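Here is a relaxed walk through a protein you may not have met before. Have a look at the sequence and the structure, and then we'll go through some of the parts one by one.

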Amino acid sequence: MEKKLNDKKNSEPKKTYVVPLIALKESVVFPTHTVPLFAGRAKTIRAIEAAEDQDLMIMLVAQKEASIEDPKETDLYTVGTLGEIVQSIRKLDVQLSLAVDSKFRAKIKKFLKTDEYFLVEVEEANPVSELTPETQELMKKLRDLFSEYVNIYKPNLKENVLTQLSVIEDPVKLSYSIAPYVNPKFEEKQALLEIDNCKELIIKLCDLIQKEIELFEVEKRFKSRVKKQEQKGQKDFFFNEGIRVLQKELGEKDEFRNEILELEEKLRAKKMPDEARDKTEKEIRKLKMMSPMSAEATVVRNYVDWMLSLPWLEYSDDFIDIQVARKILDEDHYGLEKVKERILEHLAVQKLNNKIKGPILCFVGPPGVGKTSLGRSIARAVGRNFVRVALGGVRDEAEIRGHRRTYIGALPGKIIQGIKKAGTSNPVFLLDEVDKMTVDFRGDPSAALLEVLDPEQNYTFNDHYLDCDYDLSKVMFICTANQLHTIPAPLLDRMEIIRISGYTEIEKLNIAKRHLIPAEIKEVGLDPDKVEFTDEALLKLIREYTREAGVRNLKRTISSLLRKIAVLFVQKDSGVTFPLQIREDNVIKYIGYPPYKQNELESIDPVGSCTGLAWTEKGGELLVIEASVIPGKGRLQITGKLGEVMQESAKAALTYVRSRFSLFGLPKEFFDKVDIHIHVPEGAIPKDGPSAGITIATALVSALTGIPVSKNVAMTGEITLKGTVLPIGGLKEKCLAASRVGIKKVIIPLKNEIDIEEIPAKIRDTIEIVLVSHCDQVLLEALEVKSLEEFAKVVEYFKNQKELLFDNGKRDTRKDQSPVEQEETFQRMTC
């Protein structure tokens, strides 16, 4: 009768299912169990989400190699278990914890989808249960062996497990119920799951359990022999314990001895390289022979503490997923598209190579643009711990390599201290302000960093305090700096420079709305629906209350404004109704008058004055340069707190102008009869650099010829004696400054053409960028003269206009004016 039932069951068509699939690492799930699983890979999470959207059924299959992060079809076994998701909990944005009730064994018929996640067609494939006398005898043997196995390895499970197994009559179900409790190799578990015959399944499981029991007997005999060999050590231990008990009975305390025993216990449990272990054991032996009151004992004790607290062989698991990394970078930072793209390239190479090689990333940019927070986002994207070390002001080589223990109060260097703080040997390690290290008689800390940042050397980094090698090769180092010229060339050679320029007004506006305002509202304790900022109000804060490339001062200004509002909210009789809207016209009411005034264009085309563009650490700025010609003896006077380079640039510009005197319609001896004064306003602020050369030359030509300079033109470029225009830096920031005040045309060197792509498209649409290679071209654009041949005619025209102005009955009204005053009057009236 039993045989007929089995034949009938075999003849029934096998059921098929279309379900998502999860690839498991070194894990085999058997039917009839509810198993907890942890998902971190993006493909796995998408498969779980797809199952939740359908009927919660999911296929669990082991992958052949656990080291493969993105397995293909050929990397998976074809036999697994079909289960139902009974619970799922999202721990982080990229991690899931779930419980799956495994139903039955299944085989993969074909893969239907492999790109976003695995979707497979499977068929039910449980072995046929055969209740014959032979299988019943095998089931009895299996229960007896498992009972013995539980007595040895899992005594706490004995009553509970055996009671449940005693009522199972199905041989296949019994085998699958016992299999998870046995701990053979992964391959043996998979082979057990793939057995199709009921009888073979029970025999194989009995063999595995028998092997585990025999292994226990071997280990038992081995431990017995080892125990005999260690009798002397045990006697010493019991003797020491006896002394400790006697001291306790007598009321005495030996804290020093207890500390040593505690250190020895920590050392036995600590995973560390042999060199470090030997050195620590030697120091503990030395400590035993010392008096606890001696100064040397304190030094040795501190050293042992450091050795035992470092994460020598402890590493966090990487889960580099480019899509997840891109999402995290976009969440934490607005804009910076090129910077993000380079970071993703760096992470992609690491994922493919499975190791950290290549140059160290160095973020260079003005303060407040997000260099440090980018490092923190990278750590979050790769699942590593993050540690930051500030190098600003470090001037001692021992700050990096540590002090030798011969010094009082010696400590490891900042690198080892950072590793201890991180708690793993593969953190994301940010070296902040690497450009602000200095050198003195105690050594050069930047030279010590050469070994730290070199992947070919840092696997044997030797800290003076530890006096043994520490492997830094798996640490992801990132540096930040505000400028590059203070970083030594050998150190710079080990880095890949990623420049982060200042934000545009639109970027600052979006950063404030997305990040700064929500964070500051939460900081002061207000409800988000109680305060609303208009775009116009935020732009006023950006333009008139801050002057920076980043957003640090903007954050501080918004915080100050919200604190004022918090006072009004708490003060019930303030007369202010909430929700409160912050507009452009009421910003002053809450935080006072703005400290900065936005640069404004001249109302008329000026003579002898030209608008230049300058770069500062806070971003781009407009730089007005004035030139005036007065009767004299050919002297040049330069004022405005200009540096040496800028003064030399002014002299080069004057030489160029003098060499072109005939073009400008000036007599050859003209320069011997006048003095020229060049001035740059805001004289309290130091200014330097060569990029104002063409601006100075244009102002000089305008002052000498009387031709006004277009008020809608700004320029930047270095000039040579021949009038050649050389390239400059900071073009993006300079163009942002020009656009901010309404400049219509920006003149730049031809060799800066490759830098135009860095300028945001919205900015390029608002200004006309003119490329020039010679100062003659600059004059044509700025003075609005069509050709060089027209120059003399234009000069003659303005000269005649000047004579007519003072000869048509107007000279009498100004007869008391000096020649200089007459010149100023003429310039005002002709403009």
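## Cysteines without partners

Let's start with a cysteine: C479 has 0% relative accessibility, so C479 counts as buried. Which cysteine sulfur is closest to the sulfur of C479? That would be the one in C362, but at 5.3 Å the two are too far apart for a bond. The cut-off used here asks for sulfur atoms within 2.5 Å. Keep in mind that all of this comes from a predicted model.

C610 is in no disulfide either, and the nearest cysteine sulfur, in C775, is 9.6 Å away. Like C479, which is buried, C610 is buried, with a relative accessible area of 1%. How many disulfides does the count give for this model? The count comes to zero.

## The whole protein

Now for the wide view. The protein has 831 residues, and 45% of them count as buried. Its secondary structure adds up to 29 helices and 24 strands. The accessible surface comes to about 43,700 Å², with 50% of it belonging to carbon and sulfur atoms.

What about contacts across the chain? Take the contacts between residues at least 6 apart in sequence: 74% of these join residues that are at least 24 apart.

## A five-stranded sheet

One feature to pick out is an open sheet of five strands, paired in parallel, in the order β8-β9-β12-β7-β13. Which strands stand at the edges? They are β8 and β13 (495-499), and each has a single partner strand, so one side of each is left without a neighbour in the sheet. On average, neighbouring strands in this sheet are turned by 25° against each other, direction ignored.

Let's zoom in on the edge strand β8, which covers residues 386-390. Its side chains alternate: V387 and V389 point to one face and are buried, while F386, R388 and A390 point to the other face and are not. Five bridges tie β8 to β9 (residues 428-432), and the two run parallel. In this pairing, A390 stands opposite D432 of β9.

Elsewhere in the sheet, β7 (residues 360-364) is joined to β12 (residues 476-481) by four bridges, again with the strands running parallel. Here V364 has A481 in β12 as its bridge partner.

## Just past β12

L484 sits in the loop between β12 and α18 (489-493). Is L484 buried or exposed? With a relative accessible area of 17%, L484 is buried. Leaving out residues up to four places away in sequence, L484 touches V364, L492, I497 and R499. You have already seen V364, the bridge partner of A481. L484 and D435 are 49 residues apart in sequence, while their C-alpha atoms are 6.7 Å apart in space.

## Helix α23 and its cover

Helix α23 spans residues 644-659, which makes 16 residues. From first C-alpha to last, α23 reaches 23 Å, close to the 22 Å expected at 1.5 Å a residue.

Which residues of α23 are buried? They are M646, S649, A650, A652, A653, L654, Y656 and V657. Their cover includes strands and helices: β17 (619-631), β18 (636-639), β19 (674-679), α24 (693-705), β21 (718-719) and α27 (775-782).

## Unusual backbone spots

A few places in the backbone are worth a visit. In the loop between β18 and α23 you'll find K641, which has a positive phi of about 55° although it is not a glycine. E26 is another non-glycine with a positive phi, of about 50°. E26 lies in the loop between β1 (16-24) and β2 (34-39), and at 60% relative accessibility it counts as exposed.

There is also a cis peptide bond, which joins F578 and P579 with omega at about 5°. P579 is in the loop between α21 (552-570) and β15 (580-582).

## A lysine with partners far along the chain

Last stop: K420, in helix α16 (residues 414-422). K420 is partly exposed, with a relative accessible area of 36%. Which residues does K420 contact, leaving aside neighbours within four places in sequence? They are W306, S309, L310 and P311. K420 and W312 are 108 residues apart along the chain, and their C-alpha atoms are separated by 9.4 Å.

Definitions and conventions:
Residues are numbered from 1 along each chain as its sequence is written. This is a predicted model: local features need pLDDT of at least 70, side-chain atom pairs count only at pLDDT 80 or more; totals for chains, interfaces and linings use all residues. Side-chain values use heavy atoms; hydrogens and water are left out. Buried means under 20% relative accessible area, exposed over 50%, partly exposed in between (1.4 Å probe, protein chains only). Contact means heavy atoms within 4.5 Å. Accessible areas come from the Shrake-Rupley method with a 1.4 Å probe; for residues, only the protein chains shown count as cover. Two strands pair if DSSP finds at least two bridges between them. The expected span of a helix is 1.5 Å times one less than its number of residues. Axes are lines fitted to C-alpha atoms, for helices over the stretch in contact, and angles run from 0 to 180 degrees between N-to-C directions.
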